[in-house]
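I opened a fresh page for this one and kept my notes in the order I looked things up. Here is the structure, so you can follow along.

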Amino acid sequence: LVRVFKGYRLAECAWIRSKNAKLYLAIHAPRRGLLEIWQMRHGARKKAMQIGFGWSLHSSDQHRPTLFS
């Protein structure tokens, strides 16, 4: 682990590998109602979405994260 993400209390994480073999980290911050997607090679945040409260992040059979309420 090279990077420390601070301020993500009770966060849930999942790894995502794209079709072109890029690796991403999905971080769900339930206290903020936020889902963020970070690229792992250079550390840039690619996407941040307000998804609301009451959701939970789970891995599916295809090893892709899924949100459930």
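**Entry 1: a charged pair**

Which side chain does Arg-45 meet in a salt bridge? I looked this up in what is a predicted model, and the partner is Glu-36, at 2.8 Å from N to O. Side chains of opposite charge can pair when their charged atoms come close. I then counted salt bridges by the same rule, and the count comes to one.

Next I checked how covered the two partners are. Glu-36 counts as buried because its relative accessibility is 3%, under the 20% cut-off. Arg-45 has a relative accessible area of 46%, so I noted it as partly exposed, between the 20% and 50% limits. I also asked what stands opposite Arg-45 of β4, and found Trp-38 there.

**Entry 2: the overall make-up**

I stepped back to the whole chain. The protein chain has zero helices and six strands, and from the N terminus on its elements read β-β-β-β-β-β. Of its 69 residues, 28% are buried. I got an accessible surface of about 5,300 Å², with 53% of that belonging to carbon and sulfur atoms.

For contact range, I took the contacts between residues at least 6 apart in sequence. Of these, 19% join residues at least 24 apart.

**Entry 3: the sheet**

In what order do the strands of the open sheet run? I traced four strands as β1-β2-β3-β4, with antiparallel pairing. β1 and β4 (45–50) are the edge strands, and each has a single partner, so one side of each lacks a neighbour in the sheet. Ignoring direction, neighbouring strands are turned by 15° against each other on average.

I went through the pairings one at a time:

- β1 (residues 12–17) and β2 are antiparallel and joined by six bridges; here Cys-13 has Ile-27 of β2 as its bridge partner.
- β2 and β3 also pair in the antiparallel sense, over six bridges; Ala-26 has Ile-37 of β3 as its bridge partner.
- β3 and β4 run antiparallel, with five bridges between them.

**Entry 4: turns and positive phi**

I looked at the hairpins next. β1 and β2 form one with five residues between them. In the loop between these strands lies Ala-21, which has a positive phi of about 70° although it is not a glycine. Ala-21 is exposed, because its relative accessibility of 52% is over the 50% cut-off.

The hairpin of β2 and β3 has four residues between the strands, and there Gly-33 takes a positive phi near 65°.

I flagged one more backbone value. Leu-10 is not a glycine either, yet it has a positive phi of about 60°. Leu-10 belongs to the segment before β1, and with a relative accessible area of 60% I listed it as exposed.

**Entry 5: the nonpolar cores**

Which residues make up the largest nonpolar core? I found six: Tyr-8, Leu-25, Ile-27, Ala-29, Leu-34 and Trp-38. β2 (23–29) and β3 (34–39) each supply at least two residues of this core. The largest share, three residues, comes from β2.

Within that set I checked Ala-29. Leaving out residues up to four places away in sequence, Ala-29 touches Tyr-8 and Leu-34.

There is also a second, separate core of five residues, including Ile-16, Ala-26, Leu-35 and Ile-37.

**Entry 6: β2 and its histidine**

β2 kept turning up, so I gave the strand its own entry. Six of its seven residues are buried, which makes β2 mostly covered.

Is His-28 of this strand buried or exposed? His-28 sits in β2 and is buried, with a relative accessible area of 1%. I then listed what His-28 touches, again not counting residues up to four places away in sequence: Leu-10, Ala-11, Glu-12, Leu-34, Leu-35, Ile-51, Trp-55, Ser-56 and Leu-57. Leu-10, the exposed residue from my turn notes, is one of those contacts.

**Entry 7: what I would keep**

If I keep a short list, it starts with the salt bridge of Arg-45 and Glu-36. After that come the open sheet in the order β1-β2-β3-β4 and the buried His-28.

Key. Residues numbered from 1 in each chain as written. Predicted model: local features only at pLDDT ≥ 70, side-chain atom pairs only at ≥ 80, totals over all residues. Heavy atoms only, no water. Core = buried A, V, L, I, M, F, W, Y, C linked by side-chain atoms within 4.5 Å. Buried < 20%, exposed > 50% of the residue type's maximum accessible area, 1.4 Å probe, protein only. Contact = heavy atoms within 4.5 Å. Pairing = 2+ DSSP bridges. Axes fitted to C-alpha atoms, helices over the stretch in contact; angles between N-to-C directions. Salt bridge = Lys/Arg side-chain N within 4 Å of Asp/Glu carboxyl O. Areas by Shrake-Rupley, 256 points an atom, 1.4 Å probe, with all protein chains shown as cover.
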